[in-house]
Amino acid sequence: LFFFALVYGGMCILGSFIGNKQVALGPLAVEAGIFSFLLLVVLASATSELYGKATANRMVLWGFVPLILSMAIVALVLALPAADKMEPARLEAFNTILGQAPRLMVAGLIAYGISQLLNVTIFNALRGRTGEGKMVAVRGAIASALSQIIDTLLFITISFLGVFPIANLLMGQMLAKVVLSIVLVPFLITGSVALGRWLDAKYS
């Protein structure tokens, strides 16, 4: 659980930055932050499987701490004057990558909290239907796909509604995230659950 929590906090912060790049995966175009957020989904589901829904939900809520702290520190750094010797091109790139609009920050926090708590809820609801310890990969993929749809809907709508037409962006991002959830999550979650059990057996 300690290891999962450490990685979870790191992925919360990393996803906010690497999401500035869109990557091409065959015909799909998706923001790179999806890789960090898929790991968040996997870690929350694995924590729920090993330590219960309440513990997983607490980890999700504690995830707001590194998110908000990193935003505050970035805001402070952006507000401080740059050194005279800093190259203008480097400064411009830094400000472009880290200078997210407040609307995007709020959208990210809302989408994170709701989608991650929904993922844990769906994963546990399916656990009640299949039985404890069964069909972890399938439950994880379904919960991830559904929660990522909600995450995309919330983030893009809150961020860009009224700025430009969002229908095509919504559909493209949802499709990409569902495909990645189905392809990657089953392997990642079964591996994470196995890793958690091994760590518990070795260090408990």
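Phe-37, Tyr-112, Ser-115, Gln-116, Gln-148 and Asp-151 form the lining of the largest cavity. Keep in mind that this is a predicted model. Besides that cavity, there's a pocket to look at, the largest one, at about 640 Å³, plus a hairpin built from strands S1 and S2.

**The cavity**
- If you set the bar at 30 Å³ or more, the structure has one cavity.
- The space inside the largest cavity comes to about 30 Å³.
- Helix H6 (102-130) and helix H7 (136-160) each put at least two residues into the lining of this cavity.
- H6 is the top contributor there, with three residues.
- By character, the cavity lining splits into two nonpolar residues, three polar and one charged.

**The pocket**
- The largest pocket takes up about 640 Å³, and of the 32 residues lining it, Ser-16, Gly-19, Glu-31, Gln-100 and Phe-155 are the closest to its centre.
- Plenty of helices chip in: helix H1 (2-18), helix H2 (33-51), helix H4 (64-79), H6, H7 and helix H8 (167-203) each provide at least two lining residues.
- Sorted by type, the pocket lining has 17 nonpolar residues, 12 polar and three charged.

**The hairpin**
- Strand S1 (residues 22-25) runs antiparallel to strand S2 (residues 28-31), and four bridges pair them.
- Look across from Ala-24 and you'll find its bridge partner in S2, Ala-29.
- Two residues sit between the strands of this hairpin, and Gly-26 adopts a positive phi near 65°.

Terms used: Residues are numbered from 1 along each chain as its sequence is written. This is a predicted model: local features need pLDDT of at least 70, side-chain atom pairs count only at pLDDT 80 or more; totals for chains, interfaces and linings use all residues. Side-chain values use heavy atoms; hydrogens and water are left out. Two strands pair if DSSP finds at least two bridges between them. On a 1 Å grid over the protein atoms alone, a cavity is a set of points where a 1.4 Å probe fits but cannot get out, and a pocket is an open set with protein on both sides within 12 Å along at least five of seven lines; lining residues have an atom within 4 Å of a point. Grid points are joined across faces, edges and corners, and a volume is the space filled by probe spheres set on the points. Ala, Val, Leu, Ile, Met, Phe, Trp, Tyr, Cys and Pro count as nonpolar, Asp, Glu, Lys and Arg as charged, and the others, Gly among them, as polar.
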